[in-house]
Amino acid sequence: MWNVEQATVIAFEAAAKNATGWPNRRDRGWEKNKEKVFIRLFGCSLSTVAELWERVNGIDDNGEITVKEMKAQHHHLLWALAFLKIYEPNKMVYCAIFGYPDKETYCKYIWFFLKKISWLEDEIIVFENRFDGQPGPNDIKVDCMITVDCTDCEVYKPQPFDIGMYSQKHNGPGLKYKVGVCIATGQIVWIGGPHPCGHGDLEVFRGELLKELEDWECVEADQGYRGKHRVKINPQGMDSKERKEKQVARSRHEVVNSRLKSFNVLSSCFHHCQEKREKMMEKHALCFSSVAVITQIRILWNEAHTFDVTYDVRYSS
């Protein structure tokens, strides 16, 4: 983790108080409740917000406009985080919270920062980290390094209508993302998507993640992946102890999914770009990637720590 400068933390604390209109006469209440304010309004702690700011200032901008050139200030990042956390179709909600900024200015800075945060994905979510917590590359005794699951996100019906986007979970159109969680550490080490929800979980696995695994490597997943020998599902296990360990590992994965869905942009119906499917998928992917990056940073900070699991399931000798 980075060593976040204290000046950045102080600047964001002041920016949050100013942006939300917190009265100076209630400074004692602010000191008591500021972490709750940050998590409930911005989805992460003050320290995580400060780290995000320093990271987006330090990334390669691929020739695009930088944070400095954009003349972005601390409260602009807070706008983007509140957008992910609250995701309210009525923009008057954001206006009331942040003092009625200009609509075009508000949207400009939201999507600017979401793009910047999503660019951190390769730095924060690293597939090779699935081997963390193992004795060494030649000492690994288990066959599965990660648990895998797909999560569906509801979207408005795009035009033209596409039956392939139908999600059984939402009884309507949706986008599917794949998430991989390291069994040893509980960290997010893989995200894939978006895919139309009509694509099966096993189909998505074959098209993306399977190609990245070692020749000997398998994954733990649920019954939706039945039929692939590289995927180990619930009944597979030598005894009740191993089956219990598999169940606990998958349960921890569901907790990680719930951390992602705590951001309303992923748990409510995505209402942007309703008439243009490709544009809608592009913007939703930015939101999902940004939420995954934020959640992974929170896990690294032990801010969103779930629970440790004991896993010693061996499918081969």
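**Exercise 1. Decide whether Lys 71 is buried or exposed, and describe its backbone.**

Solution. Lys 71 counts as exposed because its relative accessibility is 65%, where exposed means over 50% relative accessible area, buried under 20%, and partly exposed in between (1.4 Å probe, protein chains only). The residue sits in the loop between α3 and α4 (74-86); helices (H or I, at least four residues) and strands (E, at least two) are DSSP runs, numbered from the N terminus. Its phi is near 55 degrees, a positive value in a residue other than glycine. Most residues other than glycine have a negative phi.

The model is predicted: local features need pLDDT of at least 70, side-chain atom pairs count only at pLDDT 80 or more, and totals for chains, interfaces and linings use all residues. Residues are numbered from 1 along each chain as its sequence is written, and side-chain values use heavy atoms, with hydrogens and water left out.

**Exercise 2. Describe Tyr 87 in the same steps.**

Solution. Tyr 87 is placed in the loop between α4 and α5 (92-98). Its relative accessible area is 3%, so Tyr 87 is buried. Tyr 87 is not a glycine, yet its phi is positive, at about 40 degrees.

**Exercise 3. Locate Ser 45 and list what it touches.**

Solution. Start with the position: Ser 45 belongs to the loop between α2 (27-42) and α3 (46-58). Next, accessibility: Ser 45 counts as buried because the value is 9%. Then the neighbours: leaving out residues up to four places away in sequence, Ser 45 touches Glu 35, Phe 38, Ile 39 and Glu 303, contact being heavy atoms within 4.5 Å. Last, the side chains of Ser 45 and Glu 303 are joined by a polar contact of 2.5 Å. A polar contact is a pair of N or O atoms within 3.5 Å; within protein, one must be able to donate a hydrogen and the other to accept it, and residues adjacent in sequence count only if both atoms are side-chain atoms.

**Exercise 4. Find the cis peptide bond that involves Pro 194.**

Solution. Pro 194 lies in strand β4 (residues 188-196). The cis bond joins Gly 193 and Pro 194, with omega about 10 degrees. Most peptide bonds are trans.

**Exercise 5. State which residues of α4 and α11 meet.**

Solution. From α4 come Leu 81, Phe 83 and Leu 84; from α11 come Cys 287, Ser 290, Val 291 and Ile 294.
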